[in-house]
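Visitor: I would like to go through this model with you and ask how its labels are earned.
Guide: Gladly, let us take it one label at a time.

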Amino acid sequence: MRNSSEKVIVVKDLSVKFGDVEVLKDVSFEIPKGSFTGIIGPNGAGKSTLLKAILGFIDYEGMIVLNGTVGYVPQLSSFNREFPMNVYDFVRLPIRKEENWKEKVDELLKEVGLERFGQKLVGTLSGGEFQRASLARALISKPDILILDEPEAGIDEMGKAKFYELLSKLKEEDHITILMVSHDIGLIFEKCDNVMCLNKTIHCHRPTEAMKIEDLKRTFGEFDIWIRSDDHYEVEHEKYEHSRHPEATNDRRQRDGNGYNK
Amino acid sequence: MVMGIISDLANFEFLRYSLIATLLVSLSTGIISPIIVYRGMEFIGDGLSHAIFAGVAVAVVANFNVFLGAILATVVFAYLIYRLNKSQAFHESTAIGILLPVFMSIGVIIFSKSPRYTTDVTSYLFGNILMVVKEDLYFLVVVTILSAIVVFANLYKISYWISDEDMAQFYGIKTNTTKLLTLFLTSFVVVSALKIAGVIVMGAFLVLPGVFAKISANSLKQAIFRATTFNIVASLLGFLLSYYFDLPPGPTIVLFGFLLLILFISLNRKKFEIS
């Protein structure tokens, strides 16, 4: 692992059960200060559950230690977009009691490229704009750790590029520790220092350049994986899903007209 | 015609009281209606009204104050919704759906065993706006002021609780307290208004203005002002119509409110994509 040896997130023997279903089992890892770690894994691997446990949203067994304040960017779907709330009110949540909140919100909105969006309703923002507003909300209290749950979901390519540019800047200039769950394996390989493979338990956790195809096979299962930096990486997931539910994915491929032919 | 109602209002105390009561109920329900609609708990009015039925039954049989029975029942009902919804196990509307028939059944069973079963079902369903007494008005004034204070003092917390409960909680808003406060407030509003509005009209007072406000509001505050205005216009005009055409006031107000809503939805067709 790179960066400072100081650990800002320490997770030891973490297990989470929903009823009789074991979602996470004996998960242990440490995240060094200033690093950018990407968590990958198939659907139902427990990625979001892991984040929810770290954030204290759900009960768990084991130990989680956070050495620093946390900002959180949830999935796009977490906000009720029918509700009439403007971007100012949306972003000021962590500092709502401070008198000069407007000044700070304006500053942050400028940083994320939403400087003229303060009075706009959150429900009218595009996916990319919404995620940048969520990032502004997460950053406004100047957290030491930034946790993101699939921030790219529902955003077009342009929006994704802008968003990840912001994350890289945060890491390089502000030295924020970033922990991110994503389905976009290509982007994780491109942007993150470390990659963690999760499927109920940790299958790998190493620097990005040291990742091996075996790590992915252990996490996603024995099926054909191909990764190219200029292609759509959701392909792996599509193939993984297909290996589990061939009929359902065949139907979807036919409907969407995007069957994969190897 | 106008002089007729003015002179009747001057001469008849019961008419004055009912008009004031209608306005107060419009205000108190208008304040909480957008919260109910945005949060998707449109049937809470019906649920609480049925809880009151059980509370009244218990009070009649156990021989204690009926009003107290009604308040206790709604508070218990609101608390049970909160418990079922805690940790987001059940949505509030599901909790209401579970509890409503339970409370109604308790009321029916208790009344069936009681020789003092004298409840007027029509009055229970539609209320009796012309039977308002001074004490009802005092209670309505207190509840209306309380609603305004509680809601406006907690507007930001309530907004975030409705729009993103997890994030509100994550950044230190005590969403469980906000939820419980809102539910208790709603139960007081329903108790204070049930005698005037009845179960059916109550549903209309709590839902129609919220839906109306949702069409074009830019904030919860604006939605509350629009909902309250809608309620006042609908209930005043409905009240006048019922007076001139000798119609039952409650249902007339409901129908007038519904027509008003349809009119506004038609004017905003594009937004609703109604063809």
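What follows is a short conversation about a predicted model.

Visitor: What makes E157(A) count as exposed?
Guide: A residue is called exposed if 12 or fewer other C-beta atoms lie within 10 Å of its own. E157(A) has 9 such atoms, so the label exposed applies. E157(A) belongs to helix α5 of chain A, residues 157-174. Its C-alpha atom is separated by 21 Å from that of L179(A), which is 22 residues away along the chain.

Visitor: L179(A) brings me to the strands. What makes β3(A) and β7(A) a pair?
Guide: Pairing needs at least two bridges found by DSSP. Strands β3 (36-40) and β7 (177-181) of chain A are joined by four, so they count as a pair. They run parallel, and I39(A) stands opposite V181(A) of β7(A).

Visitor: How do you know that β8(A) and β9(A) pair too, and in which sense?
Guide: The same cut-off of at least two bridges applies. Six bridges link β8 (194-199) and β9 (201-207) of chain A, so they pair, and the sense is antiparallel. M196(A) faces H205(A) of β9(A) there. The hairpin has one residue between the strands, and K200(A) takes a positive phi near 70°.

Visitor: Why are β5(A) and β9(A) called edge strands?
Guide: The sheet is open, with six strands in the order β5-β6-β7-β3-β8-β9 of chain A and mixed pairing. Each of the two edge strands, β5 (70-73) and β9, pairs on one side only. From one strand to the next the twist averages 15°. Helix α1(A), residues 47-55, packs on this sheet and touches β3, β5, β6, β7 and β8 of chain A. The direction of α1(A) makes about 145° with that of β6(A).

Visitor: Over to chain B. How do you know that the span of α4(B) fits the expected one?
Guide: The expected span is 1.5 Å times one less than the number of residues. For the 20 residues of α4(B), 66-85, that gives 28 Å, and the helix reaches 29 Å from first C-alpha to last, close to the expected value.

Visitor: Which residues of α4(B) are buried, and what covers them?
Guide: Buried requires 20 or more other C-beta atoms within 10 Å. Among the residues of α4(B) that are buried are L72(B), F77(B) and I81(B). Their cover includes α3 (44-62), α5 (92-112) and α10 (175-216) of chain B.

Visitor: And how many residues does each chain bring to the contact?
Guide: Chain A gives 16 residues and chain B gives 16. On the side of chain A, eleven are nonpolar, three polar and two charged.

Key. Residues are numbered from 1 along each chain as its sequence is written. Chains are lettered from A and ligands numbered from 1 in the order in which they are written. This is a predicted model: local features need pLDDT of at least 70, side-chain atom pairs count only at pLDDT 80 or more; totals for chains, interfaces and linings use all residues. Two residues are in contact if their C-beta atoms, placed from the backbone, lie within 7 Å. Ala, Val, Leu, Ile, Met, Phe, Trp, Tyr, Cys and Pro count as nonpolar, Asp, Glu, Lys and Arg as charged, and the others, Gly among them, as polar. Axes are lines fitted to C-alpha atoms, for helices over the stretch in contact, and angles run from 0 to 180 degrees between N-to-C directions.
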